[in-house]
Amino acid sequence: MNLHGTPLSPRARYLHDLMTGAARLAQRVRLLPDLFEGVATASATHSLDASQLSAYELGALLPAVYRVDIENGDAVDARWEVAKEVRKRQPLFTPEACAALFDAMTGQRADIRLGACALVRCPAGAPLDRLADPARAVVERLLRENRLDEPFSLLAAAGLAGLDAEVAERLTAGRGPLAVAEVELLLGWDAAQRALFAEFVEEISPGPLYRDVPPPLPDARERLSALPGYVAFVRSTVEAAAARVAAIHAGELPYRAEKAFGVGEKGTIGRAVRIALLRDEPWLPGPLERLVRGVAVAPTKARTLPSQGVLFEIARAAEDHPTPEVVSALRAAREETRHAGVPKQLDRKLKRIEPALADRVEVAFRLPDGRVRQALGEHTAVISIEGEVELSWWHGDRKLKTVPAAVKREHPEEVKRLRELAKQARRQQATLVRALEAGYAHQVGPPYRQLEGHPVADRLIWDFEVSPGVWRSELGLTVPDVPVRLWHPARATPDEVRAWREIVQDKELRQPFKQAFREVYLLTPAEEATGTYSNRFAGHVVGYHKLYALFKQRGWQAGYLGPWDGGHEGEARRVLGGGGWRATFLHDYLWHGEDGYATTGEVRFHRMAEDGWREARLAEVPPLVFSEAMRDVDLFVAVASIGADPEWLDRGVDGLRDYWQSYGFGDLSENARVRRDALARLLPRLAIADRCALTDRFLVVRGELRTYRIHLGSGNILMEPNDAYLCIVPRGSGDRVFLPFEEDGGMLSVIVSKAFLLAADTRITDPTIVRQIRP
């Protein structure tokens, strides 16, 4: 069967017949063996699976979705399955399918956004004359109903229908000059180009009813940059907005709170800034800083500001495409505004923007290193970043313990500014470290050479391609003029890994992130057998709030779950490999009284294809992408598991105690095995070395009163001779010893501090611990 110029597979034909009412029960039974490769019987739900349909089959079936008889249960089920797949993938449309979709919309609800989506997913240069009449009917209907909420999709349909003048008149009425200029620019484009603009602009928000709209094209913003005149319009818009604000501050234009820009101009400016940030335009930093700082503070002493809307629109654009310069401008605006509520709003946005900057490695390496040296009278303030960021005060060659009294007295504002600079340097260094770590899974090497001479780079191990295909590892960016990448233990021999761990330990080199001691996750036989999913970290019980915080910290996207309808199934996602791969981690919410827990499930991987994300076999995933994603999931379990909470047993939930026991004292995960290796190198250097020994899962510590076994995964403690549980809640790092790395959750330092405490158990004064040791 051929539908709208697309040959249909038996499965697609079956779904079409169900939706149109053409399928009879006998036909359905006859088709099932073909659909399921010889399986004679299958449930009706399974027979509706649309995941194997081609992109063009989805586009061909979508018009039938509009015509389903809601009284026909089979048709509604088939409609739901096709629509669900459309919302997940990228359907493609022949011109005939596009026309059929517009025809269907003339008799049903007119979803003009979907019409624009179909238009932009037609082959380039396809003849669209057939769409003129149905597009005209749809546009005229929307104008009669005054439905102008998706103006650019409407403008795309108007281009098909020959109704540009009528639609433009409605869309420009009462709008500011920048918004009018945007509409006039689009009038010079064809219908498909306008539809691409709508794809970029009119994001779909989920409502009470699902809309059968595919996800945005992954390259929509890049393609938008190539549309005639748009990049020039972007620059002129940002510069015009900055000039208008400057004129308000100069008194050349009257100031009215929140009235610096007219109707529609906030969106126009936001779209222009978004594209400029995406393209990392070299002209942008100057006018953008003037615009951001200008809209954040009134030209008078009033606590109002020219435009909160534009300020927050720019901040939202920065969340998607951050640069160091826009972060700096937003921070300056946050300090200068006099409005009481704006700093809190910007603080929330900056907490999202800075982690996003870490994932944009091509620009994040432009971050300033944060080092400062400033003379204040006879004293000198120094912000150094060797190791931890530190603000110190000097008198000549002598380092002082505190801020000199004379500096406090004579330069109070400078002291305040320098302290803020030190805080900013800490944030910048944390962002830079995250960007470096994120670069591991990139398919194309980030511009590491920008970091030559940076103290962070000096503490990392690098690979240099000294001849074609031959890589040599060195500490620091020491080999010039050859390709360079970050060293990763997955690409090294076991002997090389051991050698680097010895060097890091001997030099007492605190690396900015775990590199020499980094965990490696290789595909297991069980994962090769399952093919498309891993159960390596399934079946754990974790604290949900801690798990959700870790998702955000490590750059995973996930909806918030809870005890409401539909709020129990979760999927966390992280995009890796420069946007080419996506890892998903399934988890389910558990509700027990006031505590929120979750159980962990499968890890799956998807590859970006022309029609959207396509599930991939684990064996096809690049080894570093697989290893880095699985490392994150291991971290989630290790930190959030209830088995790692020493106090959980006292407030635990019946039915979960067996899990707590098995995790808290069971086999070690990969990150716990790396922790064991680090401890094996560290123990001989400790003052309590003669009282400690390592077994496969425990650090055994001999005290004066008892012998203790500290589990290397959870940090939980058993006391000999009767394996009684000892609850110690960490309250600090204890003795200061060099650790080659520190993890999220700090388990290595927790174990070391517990070992020091228990080796001197006769000196413990905490009554809650003493009662357990001496019952």
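**Close-up 1. E508, a residue with positive phi in the loop between α24 and α25.** In this predicted model, E508 counts as exposed, because its relative accessibility is 51% and the exposed class begins over 50%. The residue is placed in the loop that runs between α24 (494-506) and α25 (525-530). Its backbone angle phi is near 50°, which is a positive value in a residue other than glycine.

**Close-up 2. E258, which also has a positive phi although it is not a glycine.** Here phi is about 65°, and the residue lies in the loop between α14 (230-249) and α15. Is E258 buried, partly exposed or exposed? With a relative accessible area of 34%, E258 is partly exposed, since that class covers the range between the buried limit of 20% and the exposed limit of 50%.

**Close-up 3. T268 in helix α15 and its contact with the backbone of G264.** T268 has its place in helix α15, which comprises residues 265-279. The residue is buried, and its relative accessible area is 0%. A polar atom of the T268 side chain lies 3.2 Å from the backbone oxygen of G264, so the pair falls within the 3.5 Å limit used for a polar contact.

**Close-up 4. The salt bridge between R121 and E199.** The side chains of these two residues meet with a distance of 2.7 Å from N to O. The pair links distant parts of the chain, for R121 sits in the loop between α7 (112-120) and α8 (132-144), while E199 belongs to helix α12 (residues 191-201), 78 residues apart. Are the two partners buried or exposed? R121 is buried, with a relative accessible area of 3%, and E199 likewise counts as buried at 3% relative accessibility.

**Close-up 5. The salt bridge between E289 and R293 within helix α16.** In this pair the side chains meet at 2.9 Å, again taken from N to O. Both residues lie in helix α16 (residues 285-295), where they are four residues apart, about one turn of the helix. E289 counts as partly exposed at 33% relative accessibility, and R293 is partly exposed as well, with a relative accessible area of 31%.

**Close-up 6. The salt bridge between E420 and R427, followed by a network of salt bridges.** The side chains of E420 and R427 meet at 3.2 Å, N to O. E420 is partly exposed, having a relative accessible area of 28%, and R427, at 23% relative accessibility, counts as partly exposed too. Elsewhere, salt bridges that share partners join E437, K514, R518, E519, R554, R574, E628, R631 and D632 into one network. How many salt bridges does the structure hold? The count for the structure is 55.

**Close-up 7. A patch of positive charge on the surface.** The residues that gather in this patch are K344, R348, K351 and K552. Which helix gives the most to the positive patch? Helix α19 (residues 342-358) does so, with three residues. K552 lies in helix α26, which spans residues 544-553, and K552 is exposed, with a relative accessible area of 54%.

**Close-up 8. The cis peptide bond between E720 and P721.** The bond that joins these two residues is cis, with omega at about 15°. P721 has its place in the loop between strands β19 (717-720) and β20 (724-726).

**Close-up 9. T762 and L705, with their C-alpha atoms 6.8 Å apart.** Although T762 and L705 are 57 residues apart along the chain, 6.8 Å is the separation of their C-alpha atoms. T762 is found in the loop between α31 (747-759) and α32 (767-773), and at 44% relative accessibility this residue counts as partly exposed.

**Close-up 10. T707 in strand β18, with G262 as a second point in the chain.** T707 lies in strand β18, which is made up of residues 707-711, and counts as partly exposed at 22% relative accessibility. How are T707 and G262 placed in relation to each other, both along the chain and in space? They are 445 residues apart along the chain, and their C-alpha atoms are separated by 74 Å.

Definitions and conventions:
Residues are numbered from 1 along each chain as its sequence is written. This is a predicted model: local features need pLDDT of at least 70, side-chain atom pairs count only at pLDDT 80 or more; totals for chains, interfaces and linings use all residues. Side-chain values use heavy atoms; hydrogens and water are left out. Patches are made of residues with over 30% relative accessible area and no salt bridge: like charges are joined within 9 Å, nonpolar side chains (Val, Leu, Ile, Met, Phe, Trp, Tyr) within 5 Å. Accessible areas come from the Shrake-Rupley method with a 1.4 Å probe; for residues, only the protein chains shown count as cover. A salt bridge is a side-chain nitrogen of Lys or Arg within 4 Å of a carboxyl oxygen of Asp or Glu. Lys and Arg count as positive and Asp and Glu as negative; His and the chain ends are not counted. The place of a charge is taken as NZ of Lys, CZ of Arg, CG of Asp or CD of Glu. Helices (H or I, at least four residues) and strands (E, at least two) are DSSP runs, numbered from the N terminus. Buried means under 20% relative accessible area, exposed over 50%, partly exposed in between (1.4 Å probe, protein chains only). A polar contact is a pair of N or O atoms within 3.5 Å; within protein, one must be able to donate a hydrogen and the other to accept it, and residues adjacent in sequence count only if both atoms are side-chain atoms.
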